[in-house]
Amino acid sequence: MAHFTPSQTALVLIGFQKDYFDPKGALYSVVEESHRVSGTLEHTIETLNNISESPITIVNTPIVFSETYKEIENPTGILKAIKEIEAFKEGTEGAEVIAEIKKYGERIKTIPGKKGFNAFSNTDLKKLLTDENINQIVIAGCVSSLCINATALYAKDQGYEVTILSDCTSSRTPLEQEMFCDEIFPLFADVITHTDFIDAIKNMPD
């Protein structure tokens, strides 16, 4: 069983916004199948319900671009697609954090400023984790091959112990999700299910 010290652990949520999780969202169709197979949202909510009374720091890191997308003037790949379809645009419904996450109110700390793949870049995430004496990071959200991977690698380089919740993350396809959880993430992080995480927290006195 994985071991965590709740007061030194942070659950980092990535991409829980309407453009990914609402059927009307601009990128919903890209990740919908993987969401469904992994049970990403349902398992994440179950996790939050079970750890909300613990000392664990819970952080949400939404990605939001300005109306002109000046942050990505010459984008390529997925960032080019995001700009073309105007996803995660400031002031739009698609950029909003989903209600299932918002309902936790101030229990979840929101860190604004994310403009790319890495949740640490252009944000105060590192400062918050330092202020809270965090040394263990657990990650949930999407997309596994992009934001999850980039954030996890950076966190590892910064000296954090990194854990990725395999059934609270999703990719563009179930096959891609399986590959990252089975072959890529284990190279630098622990990969466990949300039930393993919940059980570890419940059985670990702080």
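**Exercise 1.** With which residue does E71 form a salt bridge?

*Solution.* The model under study is predicted.
Step 1. The partner of E71 is K115, and the closest N and O atoms of the pair are 3.7 Å apart. The cut-off for a salt bridge is 4 Å.
Step 2. E71 is located in the loop between β2 (57-61) and α4, while K115 is located in the loop between β3 (108-110) and α6 (125-131); the pair therefore ties together parts that are 44 residues apart in sequence.
Step 3. E71 has a relative accessible area of 30% and is partly exposed. K115, at 26% relative accessibility, is partly exposed.

**Exercise 2.** Describe the salt bridge of E96 with K18 and classify each residue as buried, partly exposed or exposed.

*Solution.*
Step 1. The closest N and O atoms of E96 and K18 are 3.0 Å apart.
Step 2. E96 belongs to the loop between α4 (77-85) and α5 (99-102), and K18 to helix α1 (residues 18-21); the pair links distant parts of the chain, 78 residues apart.
Step 3. K18 has a relative accessible area of 19%, and buried means under 20%, so K18 is buried. E96, with 33%, is partly exposed.

**Exercise 3.** Determine whether E176 and R172, which form a salt bridge, are buried or partly exposed.

*Solution.*
Step 1. In this pair the closest N and O atoms are 2.4 Å apart.
Step 2. E176 is buried, at 10% relative accessibility, whereas R172 is partly exposed, at 47%.

**Exercise 4.** State how many salt bridges the model contains, and which residues one network joins.

*Solution.*
Step 1. The count comes to seven salt bridges.
Step 2. Through salt bridges that share partners, K18, E93 and E96 are joined into one network.

Definitions and conventions
Residues are numbered from 1 along each chain as its sequence is written. This is a predicted model: local features need pLDDT of at least 70, side-chain atom pairs count only at pLDDT 80 or more; totals for chains, interfaces and linings use all residues. Side-chain values use heavy atoms; hydrogens and water are left out. A salt bridge is a side-chain nitrogen of Lys or Arg within 4 Å of a carboxyl oxygen of Asp or Glu. Helices (H or I, at least four residues) and strands (E, at least two) are DSSP runs, numbered from the N terminus. Buried means under 20% relative accessible area, exposed over 50%, partly exposed in between (1.4 Å probe, protein chains only).
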